[in-house]
Amino acid sequence: MTIVTRFAPSPTGFLHLGAARTALFNWLYARHHGGRFLLRIEDTDRKRSTTQALDAILDGLRWLGLEWDGDWVSQFARRPRHAEAAERLLAEDKAFRCYCTPGELAEMREKALQAGRTRLYDGRCRERHGAEAPSGTAPAIRFKAPLDGESVIDDLVQGEVTVANEKLDDMVLLRGDGTPTYMLAVVVDDHDMEITHVIRGDDHLTNAFRQYQLYLALGWEAPAFAHIPLIHGADGAKLSKRHGALGVESYRDDGCLPEALANYLLRLGWSHGDDEVIDLQQATAWFDLDAVGRSAGRFDAAKLENLNGHYLRAADDRRLVDLVMPRLADELAGQLAEQHAITVEARLEQGMAGLKERAKNIVELSENAMFYARKRPLPLADKALALLDSEARRHLAGLRPGLDAAVDWKADALEKLLRRFSDEERVKLGKIAQPLRAALTGAAASPGIFEIMEVLGKEETLGRLDDAIQGA
RNA sequence: GACCCCGUCGUCUAGCCCGGUCCAGGACACCGGCCUUUCACGCCGGCAACGCGGGUUCAAAUCCCGCCGGGGUCACCA
């Protein structure tokens, strides 16, 4: 049997973390088993569905590297097929027309809630015939849910879960306006798309029982279910906008690398012994549902950040340059004209190894790289300014002729030169290196200073040095 | 409220199914230290958990029961 999974978001918002993880698990499960991973957009709610949301979801999936097989399916486009299924159930007396008004329904709900019943609908239209149908109301089609017995689902994550059928409501299949409800649409679509494994959030667990009954009524084989725990905010409550249930694109904008987010999401709720750093390829080889935990996890930004730093250090230099350049251009607005941009890009590529060692995300990386992009004279941070006292400037002035005379402008040669100079002056290397750092980068912390001199080149280095020596 | 699910360091988790190897292991965070021209990285060390109460057993994080706590679901939303 070929395994077929699907991710079925509704295009009413961005791709938030919980949804992204659901997509990831579906993708991994399909890939691991050599199956297919399909995408279905649940856009039956026309009022809330937007194309912006759809684009955000598609972009988010692509950014994370979760490509789906074939074209995505629009649930809305399949509504004739949904209606057909509802009509068939009606014909087979497994469903009925319901003429109840919203007012009646509200009354029933209140009554049921008061009595502590889960079955809200009282079944009053079950046996009502067409002839007695009140005119003027467009009837909805309701499912005749079983009144007794129990439904059992052998969930791949939650285990065997049983619910008494009397708790299952006569749910609406087709609304009065003829549009299908979610409950009907998922079942019909999952069946038609030949989905073998439905992997989704825990919040759908109770829906699974209603859907299971529908499969039974329709005479179809139900897929295997796997309900994965939800992701909670740091305070333990359901992840909401309040605690940054943001779209994956906002993590990207904040400097997150997709492989880091994927790794983080993977480890939140799934584990493979003591392994922590697991890329998508390794995950594909290892992933299976039996290692998915049953309890909800809390979102931990610090752990994501740590993972991000790891992947950042491992990332290709050229790729990072491409990620950093737009941010620098943005910050320097206009100052990064073409000729200078070429120079900066070359510097970044050369200096990236030292830069990426010191950043946890692309934003930080860009900030740290700023001194390679700025033109003279450099703005000096307070700490840099403090480093450049009169004594320091005297040292730098003393150092200048030696640098000017240097023929071999390479990091190791420059280091020898500096060390010799500090020996001769009988001062610690730090007394020279720190002011030099301040002069060349405008900051008190940076990559290795000799490496920076090499990347900057002799002319720029001496220029920045002069700025600092003469500086007020 | 009813139904369902969950409960190991602050957080993610290993161990639980098949009780002893667990005075509970790893990772992140935090706190020391080393390395070092700075900051990082790296390395070394430290802090820190089986929700509570009963059983069963020679022995329980592991099995059973109760309680408590957290979460989810109860629409002509998805």
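In this predicted model, the second largest pocket has a volume of about 290 Å³. Of the 15 residues that line this pocket, Arg142, Asp169, Asp170, Met171 and Val172 sit closest to its centre. Helix H4, which covers residues 102-114, gives the most to the lining, with three residues. Sorted by class, the lining comes out as seven nonpolar, six charged and two polar residues.

Now to the start of the chain. Strand S1 takes in residues 4-7, with Val4 and Arg6 pointing one way and Thr5 and Phe7 the other. That pattern fits a general rule: in a regular strand, side chains alternate between the two faces of the sheet. Whichever way they point, all of these S1 residues are buried. S1 pairs with strand S2 (residues 36-41) in the parallel sense, over four bridges. Within this pairing, Val4 stands opposite Arg36 of S2.

Helix H1 (residues 17-32) goes together with S1 and S2 to make a β-α-β unit, and the unit is right-handed. The length of H1 works out nicely: with 16 residues at 1.5 Å a residue, the helix should span 22 Å, and its end C-alpha atoms are indeed 22 Å apart. H1 is also largely enclosed by the rest of the structure, because 14 of its 16 residues are buried. Just after H1 comes Gly34, which takes a positive phi of about 65 degrees.

A second right-handed crossover turns up further along. Here strand S9 (residues 197-201) runs parallel to strand S10 (residues 224-228), and the two pair over five bridges. The chain gets from S9 to S10 by way of helix H6 (residues 205-218), and this β-α-β crossover is right-handed. One of the bridges puts Gly201 together with its partner Ile228 in S10. As for S10 itself, four of its five residues are buried, so the strand is largely enclosed by the rest of the structure.

Glycine is not alone in taking a positive phi. Ahead of S9, in the loop that follows helix H5 (182-192), sits Glu194. Its phi is near 60 degrees, a positive value in a residue other than glycine. With a relative accessible area of 56%, Glu194 counts as exposed, because the cut-off for that is over 50%. Arg426 tells a similar story: its phi is positive, at about 55 degrees, although Arg426 is not a glycine. This arginine lies in the loop between helix H16 (411-425) and helix H17 (429-441). Arg426 is exposed as well, with a relative accessible area of 76%.

Helix H13 (residues 362-373) is where Leu365 is found. Leu365 has 0% relative accessibility and therefore counts as buried. How far apart are the C-alpha atoms of Leu365 and Tyr212? They are separated by 51 Å, for two residues that lie 153 residues apart along the chain. After H13, the loop leading to helix H14 (382-387) holds Pro377. The peptide bond that joins Arg376 and Pro377 is cis, with omega at about -5 degrees.

Notes
Residues numbered from 1 in each chain as written. Chains lettered and ligands numbered in written order. Predicted model: local features only at pLDDT ≥ 70, side-chain atom pairs only at ≥ 80, totals over all residues. Heavy atoms only, no water. Buried < 20%, exposed > 50% of the residue type's maximum accessible area, 1.4 Å probe, protein only. Pairing = 2+ DSSP bridges. Right-handed = clockwise from strand over helix to strand, strands pointing away. 1 Å grid on protein atoms, 1.4 Å probe; cavity = no way out; pocket = protein on both sides within 12 Å on 5 of 7 lines; lining within 4 Å. Points joined across faces, edges and corners; volume = space filled by probe spheres on them. Nonpolar A, V, L, I, M, F, W, Y, C, P; charged D, E, K, R; others polar. Expected span 1.5 Å × (residues − 1).
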